[in-house]
Amino acid sequence: MKNLKNSKNKNNQNILVIGCGNMADAIFTGNKRRTRSQNIKLKLFFINRTPKKAKRFSKEFHGTFFDELGTIPSKLQISYLFLLLKPQNFLQISSELSNFLSVRPKIVIISFLAATPLKFLSKQLDFSAKSIFRIMPHEGVVS
């Protein structure tokens with residue numbers, strides 16, 4: 001989130017979050033405290049396979065929720081896309097997401113998908129690997 005604060009175009013820092021589970025909750029709970037203390041303004045948009053959860057997140061983190069990707073206005077500029085869902089759920093929406101991204105080529109994707117290689121993401125989304133950043137490791141954790 002540090003780079004978002006220092007970006008030249010602060011008015012365009014819209015973040016679309018797909019997946020409203022425990023990981024998203026942890027990230028945005030911490031960010032909520034930080035943005036409040038540093039007066040950072042971000043616009044958050046939430047989508048979840050259960051719209052009720054996305055609605056709860058939008059209320060909790062002062063954002064906006066959408067029922068699905070197709071309901072997002074085409075004029076809405078999205079700077080960052082956080083993929084915070086399970087890999088199997090990603091496969092269910094990858095085609096729709098690819099269409100969404102085709103008209104928004106400047107989005108930076110930050111993937112939190114476990115054990116999902118960059119090459120696979122780029123191919124599934126038909127999107128430049130240069131604009132996708134992975135947070136999770138290639139391999140699952142084995143005990």
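A residue is called buried here when its relative accessible area is under 20%. With that in hand, welcome to a tour of a predicted model.

**Figure 1. The buried face of helix α5.** Helix α5 spans residues 118-125, and its buried residues are L121, S122 and L125. Looking down the axis of α5, these buried residues fall within an arc of 95°, so they line one face of the helix. K119 and K123 sit on the other side of α5 and are exposed. Among the elements that cover the buried residues of α5 are α4 (87-102), β5 (108-111) and β6 (132-134). Just after the helix comes D126, which has a positive phi, near 50°.

**Figure 2. Helix α4 against helix α5.** The axes of these two helices are 8 Å apart, and the helices pack at an angle of about 60°. That angle falls outside the range of 65 to 115 degrees that counts as roughly perpendicular, and α4 and α5 are therefore oblique to each other. On the α4 side, the contact is made by F90, L91, S94, L97, S98 and L101. Helix α5 brings F120, L121, Q124 and L125 to the contact. Sorted by class, the contact of α4 with α5 has seven nonpolar residues, three polar ones and no charged ones. L121 and L125 thus appear in two views: they are listed among the buried residues of α5 and also take part in the contact with α4.

**Figure 3. An edge-to-face pair, F28 and F46.** The model has eight aromatic pairs. In one of them, the ring centres of F28 and F46 are 5.9 Å apart and the ring planes stand at 85°, so the pair is edge-to-face; the cut-off for that label is over 60 degrees. This pair links distant parts of the chain, with F28 in helix α2 (residues 22-38) and F46 in strand β2 (residues 43-47), 18 residues apart. How buried are the two partners? F28 has a relative accessible area of 1% and is buried, and F46 is buried with a relative accessible area of 0%.

**Figure 4. A tilted pair, F46 and F61, and the cluster around it.** F46 also forms an aromatic pair with F61, at 6.4 Å centre to centre and with 40° between the planes, which makes the pair tilted. Again distant parts of the chain are linked: F46 belongs to strand β2, while F61 lies in the loop between α3 (51-60) and β3 (64-65), 15 residues away. Both F46 and F61 are buried. Stepping back from the single pairs, one aromatic cluster is formed by F28, F46, F57, F61, F82 and F112.

**Figure 5. V103 in its loop.** V103 is found in the loop between α4 and β5. Is this residue buried or exposed? V103 has a relative accessibility of 59% and counts as exposed, since the cut-off for that class is over 50%. The C-alpha atom of V103 is separated by 8.2 Å from that of S74, although the two residues are 29 apart along the chain.

**Figure 6. The whole chain, for orientation.** The protein chain has five helices and six strands, arranged along the sequence as α-β-α-β-α-β-β-α-β-α-β. Of its 143 residues, 41% are buried. Among contacts between residues at least 6 apart in sequence, 63% join residues at least 24 apart.

Methods
Residues numbered from 1 in each chain as written. Predicted model: local features only at pLDDT ≥ 70, side-chain atom pairs only at ≥ 80, totals over all residues. Heavy atoms only, no water. Phe/Tyr/Trp six-rings, centres within 6.5 Å; stacked < 30°, edge-to-face > 60°. Helix = DSSP H or I, 4+ residues; strand = E, 2+ residues; numbered from the N terminus. Buried < 20%, exposed > 50% of the residue type's maximum accessible area, 1.4 Å probe, protein only. Arc of directions from axis to C-beta. Contact = heavy atoms within 4.5 Å. Axes fitted to C-alpha atoms, helices over the stretch in contact; angles between N-to-C directions. Parallel < 35°, antiparallel > 145°, perpendicular 65-115°, else oblique. Nonpolar A, V, L, I, M, F, W, Y, C, P; charged D, E, K, R; others polar.
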